[in-house]
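Trainee: I am new to this structure and would like to go through it with you. Could we take it one question at a time?

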Amino acid sequence: MQIPFESFLLVGGGVVLLLLAILKFNNGLKTKSWPVTKGTVIGTSTHFTGENLGPDSMSYHKRRIYYSYTVEHKLYKSRQISKYLLNDYFKYNLLPSRYKKYVKGLVVNVYHNPQNHGEAVLENRAPISIYLEFIASAVAICLGIWLYWVRVFWFLVNVWNCIIYYGCLPITQYVNCSTT
């Protein structure tokens, strides 16, 4: 019996999503122990990305936040928002309200790497989206496994029915399996 394509696709996609979520979560978890210092937002930029392909298409803007901070009397600049994100920008029209607060001149907490002071983030807490990725991957994997076992169950039911009604396995149903 072959693995159904739907099961393979759901389990494979769920595993890939789970691995990406684990990667992002591990990157973000490192920042929990980083020391905090004060910094200042020195600017933001918003860039239009994507194409407007019609009324049903979704275009968005990338928003980057630039900030400076001082560690051991040395000035550093960064634009890294969170290690939980795989990029350094937000999709502007999908921004939670807490990210819209970063305006030029705002004094912010900056979490910096004690081994590499040039590496810093503004957010060291996990966004809810990371937990949604874990849930979505678990649902996809479970659904794929469930679809596989439903097929196996119905295959076994058909085998059992063939044995009961015809006295032979389904493979031999096209051959005369009577003992006369």
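Trainee: Is K24 buried or exposed?
Mentor: Good place to begin! In this predicted model, K24 has a relative accessibility of 12%. Buried means under 20% relative accessible area, exposed over 50%, and partly exposed in between, with a 1.4 Å probe and protein chains only. By that scale K24 counts as buried.

Trainee: What should I know about numbering and about how the values were obtained?
Mentor: Residues are numbered from 1 along each chain as its sequence is written, and side-chain values use heavy atoms, with hydrogens and water left out. This is a predicted model, where local features need pLDDT of at least 70, side-chain atom pairs count only at pLDDT 80 or more, and totals for chains, interfaces and linings use all residues.

Trainee: Which residue does K24 meet in a salt bridge?
Mentor: A salt bridge is a side-chain nitrogen of Lys or Arg within 4 Å of a carboxyl oxygen of Asp or Glu. For K24, the N to O distance is 2.6 Å. This pair links distant parts of the chain, 109 residues apart, with K24 in helix α1 and its partner in helix α3. The partner is buried too, at 17% relative accessibility, and its name is E133.

Trainee: How many salt bridges does a search of the whole structure find?
Mentor: The pair of E133 and K24 is one of them. E123 also forms a salt bridge with R125, the closest N and O atoms being 3.3 Å apart. R151 forms another with E6, again with 3.3 Å between the closest N and O atoms. The search of the whole structure finds 3.

Trainee: How many residues apart in sequence are the parts that R151 and E6 tie together?
Mentor: R151 lies in helix α3 and E6 in helix α1 (residues 5-29), so their salt bridge ties together parts of the chain that are distant in sequence by 145 residues. As for cover, R151 counts as partly exposed at 42% relative accessibility, and E6 counts as partly exposed at 39%. The separation you asked for is 145 residues.

Trainee: In what order do the elements of the protein chain run from the N terminus on?
Mentor: The elements are DSSP runs numbered from the N terminus: helices (H or I, at least four residues) and strands (E, at least two). The chain comes to 3 helices and 6 strands. From the N terminus on, the order is α-β-β-β-β-α-β-β-α.

Trainee: What is the volume of the second largest pocket?
Mentor: On a 1 Å grid over the protein atoms alone, a pocket is an open set of points where a 1.4 Å probe fits, with protein on both sides within 12 Å along at least five of seven lines; lining residues have an atom within 4 Å of a point. Here the lining is K101, Y102, V108, N109, Y111, L122, E123, N124 and R125, which divide into 4 nonpolar, 2 polar and 3 charged. Grid points are joined across faces, edges and corners, and the volume is the space filled by probe spheres set on the points. That comes to about 150 Å³.

Trainee: E123 and R125 are in that lining, so which of these two counts as partly exposed?
Mentor: E123 is buried, with a relative accessible area of 4%. The other residue has 39% relative accessibility. The partly exposed one is R125.

Trainee: What is the phi of H73?
Mentor: Most residues other than glycine have a negative phi, and most peptide bonds are trans. E72, in the loop between β2 (60-71) and β3 (74-78), has a positive phi of about 50° although it is not a glycine. H73 is found in the loop between β2 and β3 and is exposed, with a relative accessible area of 83%. The phi of H73 is also positive, near 65°.

Trainee: How far apart in space are T31 and Y84, C-alpha to C-alpha?
Mentor: T31 lies in the loop between α1 and β1 (36-49). T31 is buried, with a relative accessible area of 0%. Along the chain, T31 and Y84 are 53 residues apart, while their C-alpha atoms are separated by 9.4 Å.

Conventions:
Nonpolar A, V, L, I, M, F, W, Y, C, P; charged D, E, K, R; others polar.
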